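Student: I would like a close look at one part of this model. Please take it residue by residue.

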There are 2 protein chains.
Amino acid sequence: MTRIVDVARHAGVSTATVSRVLNGKTVRPELAAAVRAAVEDLGYVPDRTARSLRRRSSDVVALVLPDVENPFFTAVARGVEDVAQEAGYSVVLCNTDDDPAKEGRYLAVAEHENMAGVVVAPASGSPEIAALRARRRAVVVIDRRVGQDVDQVVFDNVALGRRAAQALVARGFRRIACVTGPVATSTAVDRARGWREALDGAGLEADDLLVHANFRVDGGYDATVALLARPDPPDAVVATNNLVGVGVLRALADAHGRPAASPADAVDGQGPGSGPALGVGIVGDLPFATSRTSDVALVPLDPRALGTTAARLLLDRLAGDEEPARRVVQETPAGP
Amino acid sequence: MTRIVDVARHAGVSTATVSRVLNGKTVRPELAAAVRAAVEDLGYVPDRTARSLRRRSSDVVALVLPDVENPFFTAVARGVEDVAQEAGYSVVLCNTDDDPAKEGRYLAVAEHENMAGVVVAPASGSPEIAALRARRRAVVVIDRRVGQDVDQVVFDNVALGRRAAQALVARGFRRIACVTGPVATSTAVDRARGWREALDGAGLEADDLLVHANFRVDGGYDATVALLARPDPPDAVVATNNLVGVGVLRALADAHGRPAASPADAVDGQGPGSGPALGVGIVGDLPFATSRTSDVALVPLDPRALGTTAARLLLDRLAGDEEPARRVVQETPAGP
DNA sequence: TTGTACGCGTTATCAG
DNA sequence: CTGATAACGCGTACAA
């Protein structure tokens with residue numbers, strides 16, 4: 001393995017000069033050229049470990065997520081990776097299963113590993129985030145709000161919930177339920193609030209049509225089954241995230257029903273068998289849907305862009321940006 | 001930050017002794033106890049960077065995958081993470097997009113970062129794999145065959161393709177097409193071979209019913225659209241991976257068709273509209289399906305177990321196992 | 001068994 | 001602007 005001393009000897013300079021060339025400090029041009037030539041000749045690659053030890057900071061960024069099997073978060077991960085790799089950083093993915101204890105462990109590890117920074121979709125208002133900030137580590141919170149003085153990138157979740165519900169209102173549905181995530185998850189609460197606002201705005205009753213499930217497929221499935229079994233079932237449902245949306249659609253399909261484009265569609269052209277038909281609105285995308293989604297009111301999100309935005313913010317901090325904490329609202333695609 | 005010297009002083013021993021206790025070498029019990037107490041008191045956590053520099057090997061494992069957005073590979077990743085984390089290793093995910101150049105870069109990085117080992121689903125017969133082996137780094141190849149002397153964990157892909165096709169034969173289909181991945185991908189080729197064997201065994205003609213698409217949703221979608229447009233379309237299709245399967249089902253759905261449980265089902269009860277009905281067999285799982293899959297012949301895979309198996313193999317190597325390269329055939333669930 | 005002292009490869013300091 | 005050298009924190013010969 002070739003080390004920095006080899007390069008130095010080969011170029012007839014000191015190791016300090018080699019280091020300076022590699023790190024873009026000012027060096028006499030002819031010496032710099034000699035160093036670059038030597039690096040090329042010997043195929044020298046700096047040892048990141050030694051560099052990290054000396055700098056007291058590695059070039060690894062932690063990406064802490066509630067569920068890496070959720071396509072939403074894998075897309076976020078790609079976004080983060082794209083820009084981090086470009087800048088020479090590696091990305092480590094950490095899965096918390098929405099468990100604050102797991103999350104705490106990962107954040108502690110990030111600190112002890114001297115990682116450059118952390119992008120986290122928090123399971124809770126993690127005290128460890130404050131700890132990292134206190135140690136002057138770069139931290140960017142994504143997707144979910146936390147009440148702390150830290151960089152954040154989030155969607156306008158109230159607006160997203162409102163748009164999904166309004167789309168159903170516009171199609172003529174009157175009893176629009178909402179299946180959302182846990183009350184501890186800000187996206188679940190905010191999108192549900194948007195749903196309620198849309199109903200209020202249209203003069204419709206929310207009644208007992210708000211269901212807090214989990215943010216997974218089974219949550220949406222079970223909630224839909226329960227809604228359909230009610231004495232006075234809704235005629236439409238808003239799912240506040242992608243997986244819940246999958247659950248809603250699958251529950252409909254298993255009941256030999258289908259998403260309805262309008263109330264008329266629901267009562268008239270009973271399709272396969274004679275199962276239920278429901279208006280369906282979903283906040284999120286369905287990259288692996290196996291059915292037509294043209295009758296579903298999709299409110300797309302572009303999670304990959306969320307990731308790139310967060311990563312750029314993080315890189316700014318790593319480059320020494322000392323501005324006060326920023327709060328960025330991530331744009332979403334216009335939708336159909 | 002507390003260092004090893006602090007612990008040593010606190011316990012009244014030398015740094016060497018502290019190190020020995022931490023690494024499980026033989027130390028007089030009372031001293032060991034004192035050291036542990038000091039570690040506890042001071043909340044000491046060893047600096048991984050310094051340790052890596054000294055050991056010339058970090059406790060990071062690279063997981064190099066063709067597509068981290070494919071639920072199959074995210075499940076593999078969880079399997080790897082589960083056992084790696086347990087053993088104190090971090091996992092870095094690397095996305096190659098099936099591009100040999102990208103893959104080569106990541107494997108080179110793994111080497112220069114002194115990563116402990118690599119688990120890789122190769123895009124090609126990477127020469128870098130041999131290079132890593134030559135440097136005595138632990139490497140485990142998963143999912144796809146490579147013609148090299150290296151640990152491998154793969155499914156019995158010929159059998160999987162055969163099972164999917166046989167299930168359709170058993171349901172009475174006679175013209176069974178196969179949509180598979182690129183010829184450069186061993187899983188695509190092997191599962192197609194299995195499909196062909198099943199047809200041969202049943203006395204059916206394969207004709208020109210083999211289609212090489214890509215291993216993504218659009219590959220399955222386009223191939224299905226093309227098959228349906230033929231003068232003599234097939235009455236069933238085998239999709240050799242999960243994403244292609246999604247594409248097949250979505251193409252059917254968009255044509256207002258559906259998967260058929262049997263040829264009779266296909267001609268009789270024309271369901272919604274009057275689109276095509278096809279027998280469908282899929283090698284893989286559909287965690288985010290939005291339609292009923294009871295009429296689809298699914299051959300499940302348990303990718304998470306693939307990951308845990310590979311990780312265990314890797315850990316064995318990291319623990320000093322010097323046996324000749326092993327080739328493990330990963331069991332698959334029995335299927336319905 | 002324990003302690004001392006050196007080395008891992010790089011960067012930062014400080015003199016020149 | 002450049003070179004010599006001292007850290008960074010840990011593991012491990014070597015000597016005791």
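Student: In which helix of chain B is the place of B:Thr17?

Tutor: This is a predicted model. B:Thr17 sits in helix H2 of chain B, which spans residues 15-22. The side of burial comes next. B:Thr17 has a relative accessible area of 12%. The cut-off for buried is under 20%, so B:Thr17 counts as buried. Now its partners. Setting aside neighbours within four places in sequence, B:Thr17 is in contact with B:Val27 and B:Val35.

Chain A offers another setting. A:Asp232 is in a loop, not a helix. That loop runs between helix H10 (217-228) and strand S8 (236-239) of chain A. The relative accessibility of A:Asp232 is 41%. Partly exposed covers the range between under 20% and over 50%, so A:Asp232 is partly exposed. A:Arg175 is 57 residues away from A:Asp232 along the chain. Their C-alpha atoms are 9.4 Å apart.

Then the cysteines. The disulfide count over all chains is 0. A:Cys94 is accordingly in no disulfide. Its nearest cysteine sulfur belongs to B:Cys94, at 14 Å. A disulfide needs two cysteine sulfur atoms within 2.5 Å. A:Cys94 is buried, at 5% relative accessibility. A:Cys178 is buried too, with a relative accessible area of 0%.

To return to the starting point: B:Thr17 is a buried residue in helix H2 of chain B, and its contacts beyond the sequence neighbourhood are B:Val27 and B:Val35.

Methods
Residues numbered from 1 in each chain as written. Chains lettered and ligands numbered in written order. Predicted model: local features only at pLDDT ≥ 70, side-chain atom pairs only at ≥ 80, totals over all residues. Heavy atoms only, no water. Helix = DSSP H or I, 4+ residues; strand = E, 2+ residues; numbered from the N terminus. Buried < 20%, exposed > 50% of the residue type's maximum accessible area, 1.4 Å probe, protein only. Contact = heavy atoms within 4.5 Å.
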